[in-house]
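Student: I've got a structure to go through with you. Can we take the terms one by one?

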Amino acid sequence: MSILPPEVHAELTQLLQALQSPDNSIRSQAEEHLQNSWTSTRPEILLMGLAEQIQAGSDTPVRSFAAVIFRRIASKSRKNERGETLDMFVSLDRDQAAAIRQKLLESLAGDFDRSVRNKVSDAVAEVARQYTENNDSWPELLSGLFQLSLAPEAEKRETAFRVFATTPGIIEKQHEDGVIQAFQKGFKDDSVQVRLAAMDAFAAFFRCLGKKAQAKYYPLIADVLNILPPIKDSQDSEDLSAALVALIDLAETAPKMFKPLFRNLVQFSISVIQDKELENLCRQNALELMATFADYAPSMCRKDESYTNDMITQCLSLMTDLSEDDEDCTEWLEADDLDQEESDLNHVAGEQCMDRLANKLGGQTILAPTFHWLPRMMNSMAWKDRHAALMAISAISEGCRELMIGELSQVLDLVIPALKDPHPRVRWAGCNALGQMSTDFAPKMQTDYYDRVLTAIVPVLESPEPRVKSHAAAALVNFCEEAEKSILEPHLDSLLAHLFQLLQNDKRYVQEQALSTIATIADAAEAAFSKYYDSLMPLLVNVLQRDDEKEFRLLRAKAMECATLIALAVGKERLGQDAMTLVQLLANIQQNIKDADDPQAQYLMHCWGRMCRVLGHEFLPFLSTVMPPLLELASAKADIQLLDDEDQVEQIQQEDGWELVPLKGKMIGIRTSTMDDKNMAIELLVVYAQVLEANFAPYAAEIMEKIALPGLSFFFHDPVRFVSAKLVPQLLSSYKKAYGSPSNELAGLWTATVDKLLEVLSAEPAIDTLAEMYQCFYESVEVVGKGCLTSDHMSRYIDSVHSTLEDYKERVTQRLEDKEGATADDVEDEAEETLLAIEDDQTLLSDMNKAFHAVFKNHGAAFLPAWERLMITYEGFLKSDDATQRQWGLCIMDDVLEYCGPESSRYANVITQPLVDGCRDASPAIRQAAAYGIGVAAHRGGAAWSQFLGGALPFLFQVTQVPEARSEDNVYATENACAAIAKILHYNAHQVQDAPGVVTQWLETLPVIHDDEAAPYAYAYLAELIDQRHPAVLGQAGKMFVFIAQALEADSLQGQTANRVVAAAKTLLSTAGVDPAPLLQQFSPAGQQRVAAYFS
């Protein structure tokens, strides 16, 4: 029975018809009418009317469309009377909302066409989502769904699980028993479609559960897996695919749930992969399921007796499944589009799975079973076997690097003969393997095997098949990218002679690849490329001067890239007048770019960046040409689409350059290609600001306001935030160099900037990007300098630090809790992920430390009132069992000691014990921080610290006496302790008991040759002792000379301090009558020359 009067329904029916009109103008008017006369003014009547249209519409299309519009309107947002933004449905009057919900539930249970039922279930799911997310309930829904799951009609039972799948949040703890029963019935339902819907719902429900709550549902997995064999027996690939996709979802969420039945599942999945009667997508989904276990539960896979052997066998088998319709490879050889989409083909699925197995299971597990097959495949008469073997080597080399790198010679024995194979696709695969190995086994491939690799690849550049010679040139890119110029230089003549020949090839893609390879060689060879400049540059200029024919655009783009990389390699002097010719050509090309898909546009941006680096300040006249398109790209807004239904989602999935993100029950499509261009443009702005310095200032303020600062909170694309954080301090630096510091101009730009920097420190959600934001902040403070932060700024900075540290402590606690309840397998499987998370946190703390350092350095004791607010946190970190936290706390205290002078003594009760304990810590980094802190207390702390410093000497000597005190790990702690003792002896000598004995002992802690900050203090004190004619140094003149020479050789001692120390050393040698020449023999020839230059 209808609640609304007939005239309302008549108007609504007319509106729905207009919204579906093929006439754009009618449809636009209808959309406007819908918004202005219904959605904005009477949404409750609109939604009730649509709910009644779903029930009583004239036909199926009307009911279906009414359900689509209902979901769309319900998902909109509006402000309530308090100004809060709410989802549309939960903003309705409670009684009206209840009446509409009742209508929806009636429709859900109604006898409708499948398409209408699915659209209604989507509408119900949207309403349920709003209630769940607003901590409200729709109590009638769950009971209605339970009843529907028991309905006699299969379609209704399927609908119940479909709604469960999209709104699993409606299931609460008290419903667990009922849910288990409903799923048990669903898994055993007579209808395959109901069983599949139950699987989908179970997977979605599982995603919402915490790890502890999941275990209660583990017993259901047997019923889930029993769904699969009958579907396989029926040979219904579509249904079997759907079931496998649901299992993939479950395997990602709770792989250990499958442990008791894993053996059975492996056998079943392998049988599906092997079954050539099934569709390829179905077989690939079975492969994906098995690969998912490798991703999420590698230890379970390693322990299964047949998983690894079976999977490698099936991957290699799939990799031989190529070119069924092109046995003689005619089509492959003649293809000009080398970027054809092949991701849905079996051989590609096999290669990608091999790559994942190698990376997740490791070489210890997969190398032996893989190489059990590869030699016999390489010796097979079937070219597809040889091709697959080579592609397998390409796929596993990254994941098996640690083991394979020791057997490189034997692997090359397998691969290199393939470059002379009679079949072109095998030669292509051989080039592919060598190229991948050149990347994965760098630099060993280049340093130890360059002769074998280049001798094998260069002749392939003469292959009769364009695709093969092009791929050989591509493999050279990988090799040369990682090669030192000394390795390439003897081979340049041969390489470039062959590549110049490729430039004459009829196939454009061969010419394009040749240009890319030449560009890479120029980049690696640097000045050595100058010899070939006169042969190549005229060719490139000729290509750039050609008419802008569409089919040659990519070739011209590659020529631009090649010419500008050569310019960078040979330098401005060698370019001469060609520099101006080149930039004029680039300007001309830019003026003629009209089409949005012209590949030259993106290449051009990078080319301008290179020419800026080549020309430096001489590039300025071209900025007016370069900047407009660059600023347009850098200013791009996010291209986002709200996808209302599955058809739109599917359409977007088929297009390149989009990322789908679930948000509040809907899908958002984000065009990633636009984001990538934006990121690239901002990277180039960083280059211009760095190179042009003060000359870039005219652009800085506008870029800061419209690009850099908005970019810091561009949450659609992490790399944009990352690079915007690099840009901000560069723009400030340009302003500082242009206007000076202090200046009104710099102060104005900083005022506009600092608030945003402080805001993002509290708002950034990604830990790795937050570290970049702290880096942006401290680099900006360093640029602007003394007194740049007000007390309010410092207080807000501490607010952000407090928030960040609380989040960090929660993550640490969570990791400890996870570890407590984890099995050995869990720890092993999650070790890499945990390690990465810990590294991200350590980087964040390190960058936050540097931010504290910058604030203290530029504000001194003025920062203390704000800083003191977190004293409890500092004390907690200093006493922590976690070395990272102790080190962080000590570094903070070191800054207080260094930049707050005598005022630091106010915190002596907090600082002194951690400094002493730090000298005895097992962590070298903590010993270094403690020694440094004692040293700055001696240097800057004043009289209040004197008594402590005298007593600290034994602890500093302990730092220098640890086992292997000069090893790579320990040397910085040792050298900082040496410098700290020198500072105490210099600044606080009156507190030192038995000073002569301490001096003699201190001399044994020299030399200081690694730490550039510690060396000047240590050697300045040594010079002081020499000037005082201290007996401890006079009696060891030769030894003291060697200590000084070691520091000079290592460059740890430079500038005025070096000159002063050398002068003292000359006096010492003369006084003691020591000849330095024999002592210098222990140094390298270059070291002798460097030291002798000081003493000449």
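Tutor: Sure, starting with the largest nonpolar core: 382 residues, with Phe70, Tyr797, Phe852, Trp867, Trp1002 and Tyr1019 having the most contacts inside it. Helix α32 (residues 553-575) gives the largest share, 12 residues.

Student: What makes a set of residues a nonpolar core?

Tutor: The members are buried Ala, Val, Leu, Ile, Met, Phe, Trp, Tyr and Cys residues joined through side-chain atoms within 4.5 Å. This is a predicted model, where local features need pLDDT of at least 70 and side-chain atom pairs pLDDT 80 or more, while totals for chains, interfaces and linings use all residues. Residues are numbered from 1 along each chain as its sequence is written, and side-chain values use heavy atoms, without hydrogens and water.

Student: Which residues does phenylalanine 70 touch, not counting those up to four places away in sequence?

Tutor: Leu47, Leu50, Ala51, Ile54, Phe89, Ile100, Leu104, Ala123 and Val127. Contact means heavy atoms within 4.5 Å.

Student: Why is serine 121 called buried?

Tutor: Its relative accessibility is 1%, and buried means under 20% (exposed is over 50%, partly exposed in between, with a 1.4 Å probe and protein chains only). So serine 121 counts as buried.

Student: Where is serine 121 found?

Tutor: In helix α6, residues 114-133. A helix here is a DSSP run of H or I with at least four residues, numbered from the N terminus.

Student: Leaving aside neighbours within four places in sequence, what is serine 121 in contact with?

Tutor: Leu108, Thr159, Arg162 and Val163.

Definitions and conventions: Helix = DSSP H or I, 4+ residues; strand = E, 2+ residues; numbered from the N terminus.
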